[in-house]
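Reader: Could you take me on a close tour of the aromatic pairs in this model, and of the buried surroundings they sit among? I would enjoy one connected account rather than a list.

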Amino acid sequence: MRIHRLSNGVVSAAQQLLEAARRRAACDARARRLHRSARARRLRKMAVLLACIAPLSISGAAKNRSAMQLAGYKAVRVHYGPMNRMIMSVRINGQPASLLLDTGSTQLILDAKAAESFGVTPSQRGLRYIRFTKIQGELLPVGFVQNISAGSMSFGSSLVTLQRSLHAEAAIAGLDGVLGLDILLRHKALINCQTRLVFFKVDQARRINLGSVAASEKFTRVPIQREETGALTVPCSIRGQPTRLLVDTGAFITILHEGFVRSLGLAAEPTRISAQFPGGGFKKINAAKIADLHIGPFKVPREKFGVAPLPQFALQQGSSKIAGILGMDTLYICHAIIDLDGMNLFLK
């Protein structure tokens, strides 16, 4: 699932919220470093680097090897664009393209107009499409990509969903589509939200003990569950009330369902931010300050979180009821590592 900000001035307001959070985090880090010597500062910087990168490479790489190297994996850099989008530069049938890395989408999706320029069209026999898929009730044609790659990583051929409604939104963001869970799970991706690195497994026999290394670096492990619908969720609680959140790197902020927040007696205040849900139109987002949000055993720093009436398709994932969407702002601030091999979320 994808959640986006509007482009008519609302964007700048939401960007200010994210930048403020980042500035606060940076100020806290600088204040801590003031109490240490120059040598201690250098050691701390190394520790931060290890916390974000080394847990992915310790088991198979010597200390003097590049952090980009992880035995059995290939690394691809991503960058953050407007609206907290995690963007990966790829090549589709040899042509350059930009895709949103989205754990909230179960499949690879291309804007239909952009797909035509890559030589990707719906599978067709005569005047009829021969293959369709359904996303949030919308029946969409399916095409075939001969090759998709990113950096030195080749994903090979793949079916791709073609969606014309992506076009206006994608054009504004400079995106050609969405890289979803079909490819991310197939290649056992490790997504490091802080270091902007994604590792894809190429040696299926390779095993890394990410859990113990992450624990030594003060990360907290939270198990990820794959729901009947294909969505990824994690356990959480607010004021002791247990529920679950969708893990969605395509969502620009964390949003809690309005009804759930109201049931806890929490007050929400209006903002100038809006979100667009597939098939659900635009919804205004309020904000609530929450001091006791736990994701698994990890306590999230006291912060304001988005509050909105979420659509039913987001709230009901098979037999699991969902109370919100864990978005990129929280994932970034909490140094998230999403491990789709071990199916764990690591937070710090």
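Author: Happily! This is a predicted model, and it holds 2 aromatic pairs. Tyr80 and Tyr332 make up one of them: their rings meet edge-to-face, with 5.7 Å from centre to centre and 85° between the planes. This pair ties together distant parts of the chain, since Tyr80 belongs to strand E2 (residues 79-81) and Tyr332 to helix H9 (residues 328-333), 252 residues apart. Tyr80 has a relative accessibility of 17%, so it counts as buried, the cut-off being under 20%. Tyr332 is buried too, because its relative accessible area is 15%.

The other pair is formed by Phe155 and Phe200, again edge-to-face, at 4.9 Å centre to centre and with 80° between the planes. Here too distant parts of the chain are linked: Phe155 sits in strand E10 (residues 153-163) and Phe200 in strand E13 (residues 197-201), 45 residues apart. Both Phe155 and Phe200 are buried.

Phe200 also leads us to Met88, as it is among the residues in contact with Met88 once neighbours within four places in sequence are left aside. The other partners of Met88 on that list are Val76, Val78, Ala97, Ser98, Leu99, Leu101, Ala150, Leu179 and Val198. Met88 and Leu345 have the most contacts inside the largest nonpolar core, which has 67 residues. Apart from that core lies another, of 15 residues, including Ala251, Ile253, Ile255 and Leu315. As a general point, nonpolar side chains in soluble globular proteins tend to be buried together.

Now back to strand E2, and the loop that follows. Met83 is placed in the loop between E2 and strand E3 (85-92). With 9% relative accessibility, under the 20% cut-off, Met83 counts as buried, so a loop position does not leave this residue exposed. The C-alpha atom of Met83 is separated by 8.8 Å from that of Ile253, although the two residues are 170 apart along the chain. Ile253 is one of the residues named above in the core of 15.

How does this fit the wider picture? Among contacts between residues at least 6 apart in sequence, 67% join residues at least 24 apart. The protein has 9 helices and 28 strands, and buried residues make up 51% of its 348 residues. Its accessible surface comes to about 16,000 Å², with 51% of that belonging to carbon and sulfur atoms.

Note on methods. Residues are numbered from 1 along each chain as its sequence is written. This is a predicted model: local features need pLDDT of at least 70, side-chain atom pairs count only at pLDDT 80 or more; totals for chains, interfaces and linings use all residues. Side-chain values use heavy atoms; hydrogens and water are left out. A nonpolar core is a set of buried Ala, Val, Leu, Ile, Met, Phe, Trp, Tyr and Cys residues joined through side-chain atoms within 4.5 Å. Buried means under 20% relative accessible area, exposed over 50%, partly exposed in between (1.4 Å probe, protein chains only). Contact means heavy atoms within 4.5 Å. Rings of Phe, Tyr and Trp (its six-membered ring) pair if their centres lie within 6.5 Å; planes under 30 degrees apart count as stacked, over 60 as edge-to-face and the rest as tilted. Helices (H or I, at least four residues) and strands (E, at least two) are DSSP runs, numbered from the N terminus. Accessible areas come from the Shrake-Rupley method with a 1.4 Å probe; for residues, only the protein chains shown count as cover.
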